[in-house]
Amino acid sequence: MAQPSNIDLGGSKQWYESILESIAESSSSSSRLLYVYETAIAGFAAKLSSEQLRSLTKVDGFLSATEDELLTLHTTHSPQFLGLRNGRGLWEAAELNSDVIVGVLDTGIWPEHVSFRDTGMPAVPSRWKGACEGGTNFSSSNCNRKLIGARAFFKGYESVVGKINETTEYRSPRDRQGHGSHTASTAAGNCVKGASLFGLALGSATGMKNTARIAVYKVCWRLGCANSDILAAMDRATLDGVDVLSLSLGGLARPFYTDNIAVASFSAIQRGIFVACSAGNSGPSPSTVSNAAPWIMTVAASYIDRSFPTKVKLGGGQTFEGSSLYSGKPTEQLPLVYRETAGGKGAEYCTAGTLDPKLVNGKIVLCDRGLNGRTDKGQQVKLAGGAAMIMLNTEDQGEETLADAHILPATSVGASAAKAIKQHLNSSDNPTASISFQGTVFGYRAPVMAAFSSRGPSLVDPEVIKPDVTAPGVNILAAWTPVAAPSLLTSDNRSVLFNIISGTSMSCPHISGLAALLKSVHKDWSPAAIKSALMTTSYTVDNRRAPISDISSGFKAATPFAFGSGHVDPEWASNPGLIYDISTVDYLNHLCSLKYNSSQIALFAKTSYTCPRSAHPGDLNYPSFAVLFKSGARNASITHKRTATNVGCPVSRYQVLVDEPDGVSVIVKPRNLVFGKLGEKQSYRVTFVSLGGSSVSSNSSFGSITWFSG
């Protein structure tokens, strides 16, 4: 049976149904209409056979068909790390009182959670057109003045994997996995004092815009998130009246006209809705970034200055730092076992059935990272009678040690520590180790780029730097569903209100909430203006005044292909001085510069669109520059134009400071911008001249252009 396809053409539901009836008459199998889209695209999702799809392509007005697929899901201290303070700046009462609605596409929500109570909140805004839909263990009464909307989308998912088993999943907006509750509370959850995970990260957990309303659109299920469901949810959210859309999910990079999230988000920004998406968790390999459309805010993930360290002490006296969310007592000095001393083939990965209870009982088992889940390795050790586990990174995995809520004493260690522990194992007649757990520790170097965070340059649109910014995404504490264990293991009977997890899924809602804050302060700002403010005020140095580093390279300096414009600074973003605005026409002209044909551009314009005679990627008024020279080019030049809008002091003067990339001369004209009123626009041109030859594919160099007022 064919996968459901998203077909883009104009018309009403009755028209689509008549088309499906006509193609079904000439086919041996039946078709089924799943969704009719109203804003995201002019089209529908249907379950079709290959034969029916071929017939459909011959219908007058047909533009394209995209096969459905399943995409994947890509805070006590993080607000303080971002510079947000109670009663000050963006968190002043007057700013927080503004009504902003944040729409979250994820695994749903646990509505009874304290993070989503509506105590003291005013009535739901009259402009809200959404609904609270019932389903398994969920009814309209589960919504309130905080959680003002909840819907579930599963027609596409069920057409791929079959009907949802309601004994193991909620066929409703209720969250079974925890991920959706976590992201929703990170963006807009209430301030909850005394939040922690087993006493770790103890403090006040709060969303970035903790007075915002939340609307939940459940699109992700046990095996993934169907493209057609995501498109339907974005379409509905736009009609419902959300102000911000947050999507901590994605797939492989692809041309924008075949990327449903790119197409639907274009419709959203046309209606003034800010869209933030996670960059993906496929780093540190280059060109892995997803959700790279220029109208989307693409968010990378980085560490904050808080960690949950462990100390591993070897029998020879050497000590190494690891990371864990286990909060129990330290182990004694115990024997170490690994590979053949722990079990049979595959025992080094501690997968199911590979460990021998006679060999591991009462001992610390070393497990290589990979093949199965990190907490599952600990589960296998515990099932075999092991006393504790040390999870070892390979050279490729580097020094990134993610903290996990293990069900036995366990820690992860980086590649250098793993190498030393293996040497101790091989050189000692009686190799032993102990693990102690040091709780919550502050003062670490930060921000540092997470190794898992997906990297640029974008394969789809290399003349726009992606990701756009980085935000806290490692070891983030936020709301959790009580029916999902913190380890996500079915054998784990622990129930928690808050959990600590990592991913660009966690950094994305930070940006969504910050966008809601900025929208409260600057109600007339467009999505592009908010994005510009967050990008141009971001910073590229850590808390030790050194360049932001990359854990995947052994703490060498990170590049914009990891962090974009830098780490967000919300207070500074609220008063950026200048912003770079972008219109719908600007984006369409950018698609023209990518050589998209008229049918492909019509998916975004929803009508015929005539491209200008000359469209260049550098003409997009983006808050960053990406310039591609052919390899070995010398004295080649490329000129970009930008237009800045004054949103700072009415009468102001800015002068430019240029830090030239290696091998490139940069000429800015004019070098001074003078403004006489708010909202005034001034343009400048930047000419980049290649002095020796560099290209994005083989070699990249980076610089900066900064406008200072004074």
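**Figure 1. Phenylalanine 266 and tryptophan 295 are both buried, and this predicted model pairs their rings edge-to-face.** The ring centres are 4.9 Å apart and the planes sit at 80°, so this one goes down as edge-to-face, given that anything over 60 degrees counts as such. Along the chain the two partners are 29 residues apart. Phenylalanine 266 belongs to helix H8 (residues 260–270), while tryptophan 295 comes from the loop between strand S15 (274–278) and strand S16 (297–302).

**Figure 2. Phenylalanine 266 also pairs with phenylalanine 604.** Here the ring centres are 5.5 Å apart with the planes at 80°, so we get an edge-to-face pair again. This contact links helix H8 to helix H17, with the two positions 338 residues apart in the chain. Phenylalanine 266 has a relative accessible area of 0%, so it is buried. Phenylalanine 604 is buried too, with a relative accessible area of 0%. Zoom out a little and ring pairs tie Phe256, Phe266, Trp295, Tyr587 and Phe604 into a cluster. For the whole model, the count of aromatic pairs comes to 16.

**Figure 3. Two arginines sit over aromatic rings.** The charged end of arginine 174 is placed over the ring of tryptophan 110, 4.5 Å from the ring centre. Arginine 176 does something similar with tyrosine 170, lying over its face at 5.2 Å from the ring centre.

**Figure 4. Cysteine 132 and cysteine 143 make a right-handed disulfide.** The S to S distance is 2.0 Å, and the torsion about the S-S bond is 80°. Both cysteines lie in the loop between strand S6 (101–106) and strand S7 (147–152), 11 residues apart. Both are buried as well.

**Figure 5. Cysteine 350 and cysteine 367 are joined by a disulfide of the left-handed kind.** The sulfur atoms are 2.0 Å apart. The S-S torsion is about -90°, so the link counts as left-handed. Cysteine 350 sits in the loop between strand S20 (334–337) and helix H9 (357–360), and cysteine 367 is in strand S21 (residues 364–368), 17 residues away. With a relative accessible area of 0%, cysteine 350 is buried, and cysteine 367 is buried at 0% too.

**Figure 6. The link between cysteine 592 and cysteine 611 is left-handed.** The sulfurs are again 2.0 Å apart, with -80° about the S-S bond. Cysteine 592 is in helix H16 (residues 584–593); cysteine 611 is in the loop between helix H17 (598–605) and strand S33 (637–646), 19 residues apart. Cysteine 592 is buried, at a relative accessible area of 8%, whereas cysteine 611 is partly exposed at 31%. In total the model has 4 disulfides. If you number the bonded cysteines in sequence order, the pairing reads 1-2, 3-4, 5-6, 7-8.

**Figure 7. Cysteine 277 is in no disulfide.** The nearest cysteine sulfur is that of cysteine 508, at 6.1 Å, and a disulfide needs the two sulfurs within 2.5 Å. Cysteine 277 has 0% relative accessibility, so it counts as buried. For contrast, look at cysteine 649: at 51% relative accessibility it counts as exposed.

**Figure 8. Strands S36, S34 and S38 form an open, antiparallel sheet.** The order is S36-S34-S38. Strand S36 (672–675) and strand S38 (704–709) are the edge strands, each pairing on one side only. On average, neighbouring strands are turned by 25° against each other, direction ignored. Strand S34 (residues 652–659) is joined to S38 by 6 bridges, and one of the bridge pairs is glutamine 655 with phenylalanine 708 in S38.

**Figure 9. Helix H11 (residues 415–427) has the span expected for its length.** Its 13 residues should cover 18 Å at 1.5 Å a residue, and the end C-alpha atoms are indeed 18 Å apart. The buried residues of H11 are Ala415, Ala417, Ala418, Ala420, Ile421, His424 and Leu425.

**Figure 10. The C-alpha atoms of leucine 628 and glutamate 463 are 7.0 Å apart.** In the chain, these two residues are separated by 165 residues. Leucine 628 is found in the loop between H17 and S33. At 29% relative accessibility, leucine 628 counts as partly exposed.

Terms used. Residues numbered from 1 in each chain as written. Predicted model: local features only at pLDDT ≥ 70, side-chain atom pairs only at ≥ 80, totals over all residues. Heavy atoms only, no water. Pairing = 2+ DSSP bridges. Helix = DSSP H or I, 4+ residues; strand = E, 2+ residues; numbered from the N terminus. Axes fitted to C-alpha atoms, helices over the stretch in contact; angles between N-to-C directions. Buried < 20%, exposed > 50% of the residue type's maximum accessible area, 1.4 Å probe, protein only. Expected span 1.5 Å × (residues − 1). Phe/Tyr/Trp six-rings, centres within 6.5 Å; stacked < 30°, edge-to-face > 60°. Lys NZ or Arg CZ within 6 Å of the ring centre and 35° of its normal.
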